[in-house]
Amino acid sequence: MNKRLLFLLLMSGFTGALWAQEKTGTIEIKTSIYCDHCKECESCGTLLEEAVYAVKGVRRVDINDQSMTMQIAYNPKKTGPDQIRKAITAAGYDADNLKADPEAYRKLDDCCKKQ
């Protein structure tokens, strides 16, 4: 095999391995999910998830309405926990010790508010 071709193949494999090692941060955030249908509700079901996905660098969002938590995977080079929490509060939900934005909370359906 040509040495140059072998070198190029080795370099492309090395570069691919570097891309594959890109770090992913994960965080669990306690939030204020008071209904059991937040994932399906027509008016607000996707609101929380879409707000988090709008944060640049967020890769995955898993909402657990039973434990009122969110598991979020993100690229730490593009975002961090503080930006993610701010997006959650801007959507009208609490995020750990940060309270929901009052105006955004008022816009939520009654089912999504603490009864």
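These exercises with worked solutions deal with four residues of a predicted model.

**Exercise 1.** Locate S32, decide whether S32 is buried or exposed, and list its contacts beyond four places in sequence.

*Solution.*
Step 1. S32 lies in the loop that runs between β1 (25-30) and α2 (47-53).
Step 2. The relative accessible area of S32 is 4%. Buried means under 20%, so S32 is buried.
Step 3. With neighbours within four places in sequence set aside, S32 is in contact with M68, Y93, D94 and C112.
Step 4. For D94 there is also a distance: the side chain of S32 reaches the backbone nitrogen of D94 at 2.8 Å.

**Exercise 2.** Place M68 and D96, and give the phi and the accessibility class of each.

*Solution.*
Step 1. M68, one of the contacts of S32, sits in the loop between β2 (58-64) and β3 (69-74).
Step 2. M68 is not a glycine, yet its phi is positive, about 55 degrees.
Step 3. At a relative accessible area of 22%, M68 is partly exposed.
Step 4. D96 belongs to the loop between α3 and α4 (102-107).
Step 5. D96 is likewise not a glycine and has a positive phi of about 55 degrees.
Step 6. D96 has 31% relative accessibility and counts as partly exposed, because that class spans the values between 20% and 50%.

**Exercise 3.** Describe the surroundings of A87.

*Solution.*
Step 1. Helix α3 (residues 81-90) contains A87.
Step 2. A relative accessible area of 14% is under 20%, so A87 is buried.
Step 3. Apart from neighbours within four places in sequence, A87 is in contact with A51 and V55.
Step 4. A100 is 13 residues from A87 along the chain, and their C-alpha atoms are separated by 9.7 Å.

Conventions. Residues are numbered from 1 along each chain as its sequence is written. This is a predicted model: local features need pLDDT of at least 70, side-chain atom pairs count only at pLDDT 80 or more; totals for chains, interfaces and linings use all residues. Side-chain values use heavy atoms; hydrogens and water are left out. Helices (H or I, at least four residues) and strands (E, at least two) are DSSP runs, numbered from the N terminus. Buried means under 20% relative accessible area, exposed over 50%, partly exposed in between (1.4 Å probe, protein chains only). A polar contact is a pair of N or O atoms within 3.5 Å; within protein, one must be able to donate a hydrogen and the other to accept it, and residues adjacent in sequence count only if both atoms are side-chain atoms. Contact means heavy atoms within 4.5 Å.
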